[in-house]
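Thanks for coming. I will go through one structure today, starting with the whole chain and then taking the helices in turn.

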Amino acid sequence: MAAAALAVEGYSNSQIAGLIHLAEGTVKNHVSSILAKLGARDRTNAVLRAIREGMLG
């Protein structure tokens with residue numbers, strides 16, 4: 001499962017890092033990139049925007 005999908009499920013950066021065998025800093029960078037691309041200020045806002053735009057199943 002991708003970092004973005006795990007973030008949507010509510011996993012923390014550290015939990016995601018452990019599950020997909022990446023450094024926590026790498027996960028933080030991915031999450032920051034997602035937030036920037038969506039123009040979101042936090043994870044909750046990013047999920048709401050993704051739902052609104054039909055990006056999530």
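**The chain as a whole**

The protein chain has an accessible surface of about 3,900 Å², and 54% of that belongs to carbon and sulfur atoms. Accessible areas here come from the Shrake-Rupley method with a 1.4 Å probe, and for residues only the protein chains shown count as cover.

A word on the source. This is a predicted model, in which local features need pLDDT of at least 70 and side-chain atom pairs count only at pLDDT 80 or more, while totals for chains, interfaces and linings use all residues. Residues are numbered from 1 along each chain as its sequence is written, and side-chain values use heavy atoms, with hydrogens and water left out.

The secondary structure comes to 4 helices and 0 strands, so the pattern along the sequence reads α-α-α-α. Helices (H or I, at least four residues) and strands (E, at least two) are DSSP runs, numbered from the N terminus.

For overall size, the C-alpha trace spans about 30 × 20 × 15 Å along its principal axes. The radius of gyration is 11 Å, which agrees with the value near 10 Å for a compact globule of 57 residues. That radius is taken over C-alpha atoms, and the globule rule is 2.2 Å times the number of residues to the power 0.38.

Of the 57 residues, 23% count as buried. Buried means under 20% relative accessible area, exposed means over 50%, and partly exposed is in between (1.4 Å probe, protein chains only). Among contacts with a separation of 6 or more, 21% are between residues 24 or more positions apart; a contact means heavy atoms within 4.5 Å.

**Helix H3**

H3 has 15 residues and reaches 21 Å from its first C-alpha to its last, close to the 21 Å expected at 1.5 Å a residue. The expected span is 1.5 Å times one less than the number of residues.

Which residues of H3 are buried? They are Val 27, Val 31 and Leu 35. They cover an arc of only 75° around the axis, which puts them on the same side of H3. The arc is that of the directions from the helix axis to the C-beta atoms. These buried residues pack against helix H2 (13-20) and H4. The face turned away from them carries the exposed residues Asn 29, Ala 36 and Lys 37.

His 30 is also in H3, and at 40% relative accessibility it counts as partly exposed. Its C-alpha is 7.9 Å from that of Ala 4, although the two are 26 residues apart along the chain. After H3 comes Gly 39, whose phi is positive, near 65°.

**Helix H4**

In H4 (residues 43-52), the buried residues are Asn 45, Ala 46 and Ala 50. Seen down the axis they fall within an arc of 135°, so they line one face of the helix. They pack against helix H3 (24-38). On the face turned away from the buried side are the exposed residues Thr 44, Ile 51 and Arg 52.

Just after H4, Gly 54 takes a positive phi of about 75°.

**Helix H1**

Last, Ala 5 is found in helix H1 (residues 3-8). Ala 5 is partly exposed, with a relative accessible area of 31%. Ala 5 and Ile 16 are 11 residues apart in sequence, and their C-alpha atoms are 9.7 Å apart in space.
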